[in-house]
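The following exercises are to be worked with the sequence and the coordinates at hand. Each task is followed by a stepwise solution.

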Amino acid sequence: MKHIIILLLVGLFAQTNLMAQKPVTKFIQITTIESVVNAGLGRSKMIISKDDGSTEEKDMNNLFSIAGINFKNVKENEVSILQTLKSYTDNGWRIFSNTPLTLSPGTNGSGIFMTRYLLVKEEESK
């Protein structure tokens, strides 16, 4: 009987210890909005919604200039997106999913390209 009680206590302690170390899953979302408006009149942004509820905005370049598509701006936006994603993945975040979206409401040549990157990170509970 004494051995059964000891085994039950050891099992209860082990289960309690495992429950206390359950990881906490955190999420952040990075949204890039790239404007496709003739003559470069649009606005492009990167919005980072952090796991603590705060947000950060970074300016991005418009994809069009007066002469049409601006490949220098496309390249600079790509570098900015990659640098941002790398900084988070270097800190333990991983890309869980990404969703590309396109909106072109009319025939006037305007629209947006939007991509949402959902990142996840598991941490030990405290």
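**Exercise 1.** Which residue in β3 is the bridge partner of M46?

*Solution.* The model is predicted, and the starting point is its confidence. Strand β2, residues 44–49, has the highest mean pLDDT in the chain, at 97. Next, consider the pairing: β2 and strand β3 (residues 55–60) run antiparallel to each other, with six bridges between them. Within β3, K58 is the bridge partner of M46. The hairpin formed by these two strands has five residues between them, and G53 adopts a positive phi near 95 degrees.

**Exercise 2.** Identify the residue that stands opposite M46 on the β1 side, and assign the residues of β2 to its two faces.

*Solution.* Strand β1 (residues 23–36) pairs with β2 in the antiparallel sense, over five bridges. In this pairing, T32 stands opposite M46. As to the faces, S44, M46 and I48 make up the covered face of β2, whereas K45, I47 and S49 make up the uncovered one.

**Exercise 3.** Determine which elements supply the largest nonpolar core, and place L119 within its surroundings.

*Solution.* The largest nonpolar core comprises eleven residues: I28, I30, M46, I48, M60, I81, L85, Y88, W93, Y117 and L119. At least two residues of this core come from each of β1, β2, α2 (71–89) and β7 (111–124). Helix α2 provides the largest share, three residues. Turning to L119, its contacts beyond four places in sequence include the core members I28, I30, L85, Y88 and W93. The remaining contacts of L119 on that count are K26, F27, R94, I95 and F96.

**Exercise 4.** Is T84 buried or exposed, and what does its side chain reach?

*Solution.* T84 lies in helix α2. Because its relative accessibility is 4%, T84 is classed as buried, the cut-off being under 20%. The side chain of T84 reaches the backbone oxygen of S80 at 2.9 Å. Leaving aside residues up to four places away in sequence, T84 touches I30, M46, I48 and K58. Two strands already discussed are thereby represented: M46 and I48 belong to the covered face of β2, and K58 is the bridge partner of M46 in β3.

**Exercise 5.** In which element of the chain is confidence lowest?

*Solution.* The chain as a whole has a mean pLDDT of 86, with 80% of its residues at 70 or more. Confidence is lowest in helix α1 (residues 2–20), where the mean is 63.

Definitions and conventions:
Residues numbered from 1 in each chain as written. Heavy atoms only, no water. pLDDT = per-residue confidence, 0-100. Helix = DSSP H or I, 4+ residues; strand = E, 2+ residues; numbered from the N terminus. Buried < 20%, exposed > 50% of the residue type's maximum accessible area, 1.4 Å probe, protein only. Pairing = 2+ DSSP bridges. Core = buried A, V, L, I, M, F, W, Y, C linked by side-chain atoms within 4.5 Å. Contact = heavy atoms within 4.5 Å. Polar contact = N/O pair within 3.5 Å; in protein donor to acceptor, adjacent residues only side chain to side chain.
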